[in-house]
Amino acid sequence: LYSHELVDVPDVLDFASRAWGAMPAIPLQGMDVIREEKTGRLYVLENNGGGNTWHFSSKISEDGRKEISRERRIAQFGAWRLAARALAERTLREAG
């Protein structure tokens with residue numbers, strides 16, 4: 001049985017942010033990060049740079065939305081604003 005919760009783990013977010021730098025041409029990236037239990041070391045399992053990085057309404061997250069609503073997911077990091085900013089900045093840079 002899975003439990004769903006929103007978390008904000010600063011070292012994981014910092015690690016994912018730094019990993020983003022490996023592929024800066026991709027404006028939106030969803031990092032799947034795990035922590036090794038023994039050492040605490042962080043690893044990126046995959047980078048979902050092609051979209052489908054947040055499951056606000058997908059079938060795959062249907063069970064999870066019973067515990068954490070779509071609205072709470074969006075509000076956690078200001079998802080729409082964050083994505084819009086990243087895409088607008090990239091568009092302006094490439095159009096210039």
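Good morning, colleagues. I begin at the surface, where Leu13, Phe77 and Leu82 make a nonpolar patch of about 250 Å². Please bear in mind that the model before you is predicted.

Let me take one member of that patch, Leu82. Leu82 belongs to helix α4, which covers residues 79–95. Is Leu82 buried, partly exposed or exposed? Its relative accessibility is 38%, so Leu82 counts as partly exposed.

I turn next to Gln29. This residue sits in the loop that runs between α1 (10–20) and β1 (30–35). Gln29 has a relative accessible area of 16%. Because the cut-off for a buried residue is under 20%, Gln29 is classed as buried.

What does the side chain of Gln29 reach? One partner is the backbone oxygen of Trp20, at 3.4 Å. Another is Asn47: the side chains of Gln29 and Asn47 are joined by a polar contact of 2.4 Å. In the model, then, the buried residue Gln29 has its side chain in contact with the side chain of Asn47 and reaching the backbone oxygen of Trp20.

My last residue is Lys66, which is found in helix α2, residues 64–67. Lys66 has a relative accessibility of 67% and therefore counts as exposed, the threshold for that class being over 50%. How far apart are the C-alpha atoms of Lys66 and Glu5? They are separated by 11 Å, while the two residues stand 61 residues apart along the chain.

To close, I return to the three classes of accessibility: Gln29 is buried, Leu82 is partly exposed, and Lys66 is exposed. Thank you for your attention.

Technical notes:
Residues numbered from 1 in each chain as written. Predicted model: local features only at pLDDT ≥ 70, side-chain atom pairs only at ≥ 80, totals over all residues. Heavy atoms only, no water. Helix = DSSP H or I, 4+ residues; strand = E, 2+ residues; numbered from the N terminus. Buried < 20%, exposed > 50% of the residue type's maximum accessible area, 1.4 Å probe, protein only. Polar contact = N/O pair within 3.5 Å; in protein donor to acceptor, adjacent residues only side chain to side chain. Patch = residues over 30% accessible without salt bridge, like charges linked within 9 Å, V, L, I, M, F, W, Y side chains within 5 Å. Areas by Shrake-Rupley, 256 points an atom, 1.4 Å probe, with all protein chains shown as cover. Salt bridge = Lys/Arg side-chain N within 4 Å of Asp/Glu carboxyl O.
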